[in-house]
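Here are my notes on the model you sent round. Please read them with the structure open.

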Amino acid sequence: MLGSDHDSPYLPEAMTRCLRCSIPATSLLTYDHGAAEAYLADARGDEQVHEGIALCESHAGRFRPPVGWQLLDRRHRDITLFALREVS
C-alpha cells in the first residue's frame, strides 16, 4: 500500500540513491560555476533533488571536474592503514 513506509517514494532513502547506478549514495556533488569549482561532501541521507547530485562511493571516487575546474573533496573518510587481527 502506497501510504506505508515501505512503499513511499518520499522516504529519505529513496532520495539518496546514486544518480549513476541507484545504490545508496555516500556523497553529494555540487558546483559553483562562477568559481569553477566542484565540491564533494558527505551525503546526510535527507538531501533533496535540488541540493546536488547524489553519488555512491565508487562514482564519487571516479568523478573528475571539467578542464580548468578545481575539485574540493570535503568528505570525511575513515582510512584504515592497518587491519588489526587477533593473534592466537
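1. Is Glu57 buried, partly exposed or exposed? Glu57 is partly exposed, because its relative accessible area is 40%, and the partly exposed class lies between 20% and 50%. Keep in mind that this is a predicted model.

2. Glu57 has a charged partner. Its side chain meets that of Arg75 in a salt bridge, at 3.6 Å from N to O. The pair links distant parts of the chain, 18 residues apart. Glu57 belongs to helix 2 (residues 57–62), while Arg75 lies in the segment after strand 4 (70–73).

3. Arg75 also forms a salt bridge with Asp73. Here the closest N and O atoms are 2.7 Å apart. Glu57, Asp73 and Arg75 are thus joined into one network by salt bridges that share partners. The structure holds 2 salt bridges.

4. Check the accessibility of the other two members as well. Arg75 has a relative accessibility of 10%. Arg75 therefore counts as buried, since the cut-off for buried is under 20%. Asp73, at 33% relative accessibility, counts as partly exposed.

5. Now the sheet. It is open and is formed by 4 strands, in the order 3-1-2-4. The pairing is mixed. Strand 3 (53–55) and strand 4 are the edge strands, and each pairs on one side only. From one strand to the next, the twist averages 25 degrees. As general background, strands of a sheet pair through backbone hydrogen bonds, either parallel or antiparallel.

6. Look at one pairing in detail. Strand 1 (residues 27–32) runs antiparallel to strand 2 (residues 37–42), and 6 bridges pair them. Tyr31 has Ala38 as its bridge partner in strand 2.

7. Which residues make up the largest nonpolar core? There are 8: Cys18, Leu29, Ala38, Leu40, Leu55, Cys56, Ala60 and Phe63. Ala38 is thus both a core residue and the bridge partner of Tyr31. In soluble globular proteins, nonpolar side chains tend to be buried together.

8. Leu55 deserves its own entry. Leaving aside residues up to four places away in sequence, Leu55 touches Cys18, Arg20, Ala25, Thr26, Ser27, Leu29, Leu40 and Ala60. Among them, Cys18, Leu29, Leu40 and Ala60 are listed with Leu55 in the largest nonpolar core.

Technical notes: Residues are numbered from 1 along each chain as its sequence is written. This is a predicted model: local features need pLDDT of at least 70, side-chain atom pairs count only at pLDDT 80 or more; totals for chains, interfaces and linings use all residues. Side-chain values use heavy atoms; hydrogens and water are left out. A salt bridge is a side-chain nitrogen of Lys or Arg within 4 Å of a carboxyl oxygen of Asp or Glu. Helices (H or I, at least four residues) and strands (E, at least two) are DSSP runs, numbered from the N terminus. Buried means under 20% relative accessible area, exposed over 50%, partly exposed in between (1.4 Å probe, protein chains only). Two strands pair if DSSP finds at least two bridges between them. Axes are lines fitted to C-alpha atoms, for helices over the stretch in contact, and angles run from 0 to 180 degrees between N-to-C directions. A nonpolar core is a set of buried Ala, Val, Leu, Ile, Met, Phe, Trp, Tyr and Cys residues joined through side-chain atoms within 4.5 Å. Contact means heavy atoms within 4.5 Å.
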